[in-house]
Amino acid sequence: MHRFPKSLSNTRFVPTQFTLSLRQLNARSSSRCHPKSDNDDNIHRREDNQGAPLHLYKSKGQHILTNPRVLDSIVRKSHIKPTDTVLEIGPGTGNLTLRLLQAARKVVAVEIDKRMVEILHKRVAEKGFEDQLTVICKDALKTEFPQFDLVVANIPYGISSPLVAKLVYGDKPFRSATLLLQKEFARRLLANPGDSEFNRLAVNVKLVADVEFVMDVSKRDFVPCPKVDSSVIIIRPKAEIPDVNLDEWLAFTRTCFCKKNKTLGATFKGKRKVLELLRLSRTTCSTESANNDDNYDCSNNAAADDDEEVDSDEVDCYSSSCSETQMSVFKDKIIGVLKSGGFEAKRPSKLCNKELLHLLALFNQAGIYFYDQSKPRIRDADSIELAAAFSS
């Protein structure tokens, strides 16, 4: 099942109810959706003899993928082995699940809607695959995934950022993740330096994984039709990731991409930014030896909104304890680092990960840090706060 966000429209959604029979939810070539208008607040489809109808609500982002050619392509492009355990998130009524069960040894499906779980169990039992399926009726963001070989799923768009973060920064190794996502979100994952879509999301994902485009999927391949198209991508974790403290990296990219088209010189010359880094660097220098480890953690700085700085009261309080001379010296150090690497006039939106890693290393070598060592680290890869490090 694929869900799309309320935020796609500035208007408030009125719950739109689609009454569909189980037969109508099954994947079939004629299952195309042609809505009469964008404001059809109450569409009912004819029931048949397949039991009670299923109510789908646009306001809850419930959209079922029904095009069999798309479903078959997703399974084929995933390169599933007969020995694989596949993790599926948001299986809905099971159109994709049934195909995965034919290709894999086992499927673990995570679905929060109990109604969908009941339908899923019924359809799988009718096909004789019940011994191969494990269903976890929980929130995918809050449950611990069992071991799996790869992910194949139609990701609910509303949880795309935290779910991608959970997968690529989690502790469960996997071969690949074939994901059906909202097209705009997929484009941001695929973006390269210089592209208009290139941002912190792409930078943080590409640090640990490679992203490949597979195909676009029309909104007409869903019932009911969403207002946007989708894309299929494949994420493959890198065998080797850069030797960088991820707390530092996530906080550093937050600073750089707060204004991604602003020059780094302009970003780092501001008084508030100088004070913030001076405080963080002094805190880090005093606690570095006690906290020097290689855990892949996420700092509170990384969880902050892109357009926010650290707490204003903290910065203002620290400002009163710093002399103008101290600030001037530290500012000169920051600018000196930027100039030494030729970064002062460059913009984050045009820098690749290799260049960003080099700049972070130059800052750290000069005793300038971005992660607040005085605050507790977020050690839960499932935490919703991690999503902010993958926001646009």
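**View 1. An aromatic cluster in a predicted model: ring pairs join W249, F252, F268, F363 and F370.** This model is predicted, so please read each view with that in mind. The cluster brings together the rings of one tryptophan, W249, and of F252, F268, F363 and F370, with ring pairs as the links. Across the structure as a whole there are nine aromatic pairs. The next two views pick out individual pairs.

**View 2. F145 meets F148 edge-to-face, and K166 joins in.** A pair of aromatic rings is described by the distance of the centres and the angle of the planes. For F145 and F148 the centres are 6.4 Å apart and the planes make 80°. Are these two residues buried or exposed? F145 is buried, at 6% relative accessibility, and F148 is buried as well, with a relative accessible area of 6%. There is a charge to look for here too: the charged end of K166 sits over the ring of F145, 4.0 Å from the ring centre.

**View 3. F198 and F257 form an edge-to-face pair between two loops.** Here the ring centres lie 6.0 Å apart, with 70° between the planes. F198 belongs to the loop between helix 6 (183-190) and helix 7 (200-206), while F257 belongs to the loop between helix 8 (246-256) and helix 9 (264-269), so this pair ties together parts that are 59 residues apart in sequence. F198 is buried at 2% relative accessibility, and F257 is buried at 6%.

**View 4. A lysine over a phenylalanine ring: K346 and F343.** The charged end of K346 sits over the ring of F343. Its distance from the ring centre is 5.4 Å.

**View 5. Seven strands make an open, mixed sheet.** Following the sheet across, you meet the strands in the order 7-6-5-8-9-12-10. Why does one side of strand 7 (133-136) and of strand 10 (209-217) have no neighbour in the sheet? These strands stand at the edges and each has a single partner strand, so one side of each is left free of a neighbour in the sheet. On average, neighbouring strands of this sheet are turned by 20° against each other, direction ignored.

**View 6. Inside the sheet, strand 5 pairs with strand 8, and helix 4 packs on the sheet.** Strands of a sheet pair through backbone hydrogen bonds, either parallel or antiparallel. Strand 5 (residues 85-89) and strand 8 (residues 150-154) take the parallel sense, over two bridges. To find your way, look for L87, which stands opposite V151 in strand 8. Helix 4 (residues 114-127) touches strand 6 (106-110) and strand 7, and the direction of helix 4 makes about 175° with that of strand 7.

**View 7. H79 has a positive phi in a loop.** Most residues other than glycine have a negative phi, and most peptide bonds are trans. H79, with phi near 55°, has a positive value although it is not a glycine. You will find H79 in the loop between helix 2 (68-77) and strand 5. H79 is exposed, with a relative accessible area of 57%.

**View 8. The whole chain, to set the close-ups in context.** The protein chain has 14 helices and 12 strands. Of its 392 residues, 54% are buried. Among contacts with a separation of 6 or more, 79% come from residues 24 or more positions apart. The accessible surface of the chain is about 17900 Å², and carbon and sulfur atoms contribute 47% of that surface.

Technical notes. Residues numbered from 1 in each chain as written. Predicted model: local features only at pLDDT ≥ 70, side-chain atom pairs only at ≥ 80, totals over all residues. Heavy atoms only, no water. Phe/Tyr/Trp six-rings, centres within 6.5 Å; stacked < 30°, edge-to-face > 60°. Buried < 20%, exposed > 50% of the residue type's maximum accessible area, 1.4 Å probe, protein only. Helix = DSSP H or I, 4+ residues; strand = E, 2+ residues; numbered from the N terminus. Lys NZ or Arg CZ within 6 Å of the ring centre and 35° of its normal. Pairing = 2+ DSSP bridges. Axes fitted to C-alpha atoms, helices over the stretch in contact; angles between N-to-C directions. Contact = heavy atoms within 4.5 Å. Areas by Shrake-Rupley, 256 points an atom, 1.4 Å probe, with all protein chains shown as cover.
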